[in-house]
Amino acid sequence: MEYELNRAEIPQHIAIIMDGNGRWAQQRGLSRSAGHAAGVDAVRRITEECVRLGVKYLTLYTFSTENWNRPQEEVAALMQLLLDRMDLSLFMDNNVRFRMIGGLERLSQPVQDCITLFEKETAGNTRMTAVVAMNYSSRWELTETMREAVKLAAKGELTADDISEDYVSSHLQTRFMPDPDLLIRTGGELRISNYLLWQCAYSEFYFCETYWPDFMPADLHKAIAVYQKRQRRFGLTEEQVENNGGRLK
Ligand code: IPE
Ligand code: IPE
Ligand code: MG
């Protein structure tokens, strides 16, 4: 099915919880790692489709701080997959800037080197920013921000009056981008799993049953079509929003 998209109302920032790789593989009698490998193909096609549609920021939940507790072989296979399949040409050919959010220090040196290289090589790309959340969780991010603020306060460089919502937003890992307009979770679970808790305060949520390796551009179009039918009110009344020209962004 084709979905009519309003090209003027494409979400500026889409965040995705790419879930369901393991179940996709299990259904086929494959290893969970094979599911992650199939998930990489989906990353590629959805990144390219977001570029084509004019999305400006795409934030992909790739590995949470809690995912370290998975079987060691699965964690190792995932990290190896990143090294083997992270492809600079995907970003260079599409004029996409690559960024990572999360704690770099716990990743292996080769993974750190790869991320640093990609960030450096793609720094001048302007069409879209693709962000991978690796060793990321929102509680970790908020805790780090608080810790840093207290350190500055102890040195006399920050006071209680300096702390505002803008201060918090501009000291999170995500400080270089606007909040997500649309959060998509594939794989059927109805939860946020420690992703972008602060940033999703007013995001529109879209959940679908499709496992991530099966997620196609047409599924993305459907998610955006659903998003475009919603009215974002940001606490106002429907009437106020209508009087403001239909939508408040
Ligand atoms: C998401 O797929 C990818 C990661 C968390 C790395 P899962 O591996 O969680 O797949 P399911 O939820 O077990 O099917
Ligand atoms: C969320 O998926 C993390 C990523 C997609 C990287 P999980 O599969 O880890 O989430 P839970 O455990 O089902 O909440
Ligand atoms: Mg999962």
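## Helix contacts and the central sheet

In this predicted model, the contact of helix α2 with helix α8 brings Arg-45, Ile-46, Glu-49, Cys-50, Arg-52 and Leu-53 of α2 together with Pro-217, Leu-220, His-221 and Ile-224 of α8. Sorted by character, the residues of this contact comprise 6 nonpolar, 1 polar and 3 charged. The axes of α2 and α8 come within 10 Å and cross at roughly 50°, which makes α2 oblique to α8. The crossing of these two helices, α2 and α8, is right-handed.

Helix α2, which spans residues 32-53, also packs with helix α3, residues 72-85. Here the axes are 10 Å apart and the angle is about 30°. An angle under 35 degrees counts as roughly parallel, and α2 and α3 are therefore described as roughly parallel to each other. The crossing of α2 and α3 is right-handed. On the α2 side, the contact is made by Arg-32, Ser-33, His-36, Ala-37, Val-40 and Asp-41, and on the α3 side by Glu-74, Ala-77, Leu-78, Leu-81 and Arg-85. The residues of the contact of α2 with α3 divide into 5 nonpolar, 2 polar and 4 charged.

Attention can now turn to the sheet. An open sheet is formed by 6 strands, and reading across it gives the order β3-β4-β2-β1-β5-β6, with parallel pairing. Strands β3 and β6 (204-207) are the edge strands, each pairing on one side only. On average, and with direction ignored, neighbouring strands of this sheet are turned by 20° against each other.

The individual pairings can be followed across the sheet, beginning with β3. Strand β3 (residues 96-101) is an edge strand, yet 5 of its 6 residues are buried, so β3 is largely enclosed by the rest of the structure. Strand β3 pairs with strand β4 (residues 128-136) in the parallel sense, over 6 bridges. A handy landmark in this pairing is Arg-99, whose bridge partner in β4 is Val-131. Strand β4 has 9 of its 9 residues buried, and β4 is therefore also largely enclosed by the rest of the structure. Strand β4 pairs in turn with strand β2 (residues 57-64), again in the parallel sense, over 7 bridges. Within β4, Val-132 stands opposite Leu-60. Further along the sheet, strand β5 (residues 182-185) and β6 pair in the parallel sense over 4 bridges. In that pairing, Arg-185 stands opposite Phe-207 of β6.

Two helices can be placed against this sheet. Helix α2 packs on the sheet and touches β1 (13-17), β2, β3 and β4, and the direction of α2 makes about 160° with that of β2. Helix α5 (residues 109-121) packs on the sheet as well, touching β3 and β4, and the direction of α5 makes about 140° with that of β3. Helix α2 thus touches the sheet and also meets residues of α3 and of α8.

A residue worth finding in the structure is Pro-213, in the loop between β6 and α8 (217-229). With a relative accessibility of 6%, Pro-213 counts as buried. Leaving aside neighbours within four places in sequence, Pro-213 is in contact with Gly-20, Asn-21, Trp-24, Gly-35, Ala-38, Gly-39, Ala-42 and Arg-45. One of these, Arg-45, belongs to α2 and also takes part in the contact with α8. Pro-213 and Thr-186 are 27 residues apart along the chain, and their C-alpha atoms are separated by 9.4 Å.

Two asparagines stand out by their backbone angles. Most residues other than glycine have a negative phi. Asn-135, however, has a positive phi of about 50° although it is not a glycine. Asn-135 is placed in strand β4 and is buried, with a relative accessible area of 5%. Asn-194 likewise has a positive phi, near 65°. Asn-194 lies in the loop between β5 and β6, and with a relative accessible area of 15% this residue is buried.

Terms used
Residues numbered from 1 in each chain as written. Chains lettered and ligands numbered in written order. Predicted model: local features only at pLDDT ≥ 70, side-chain atom pairs only at ≥ 80, totals over all residues. Heavy atoms only, no water. Axes fitted to C-alpha atoms, helices over the stretch in contact; angles between N-to-C directions. Parallel < 35°, antiparallel > 145°, perpendicular 65-115°, else oblique. Left-handed = near helix turned anticlockwise from the far one by under 90°. Contact = heavy atoms within 4.5 Å. Nonpolar A, V, L, I, M, F, W, Y, C, P; charged D, E, K, R; others polar. Buried < 20%, exposed > 50% of the residue type's maximum accessible area, 1.4 Å probe, protein only. Pairing = 2+ DSSP bridges.
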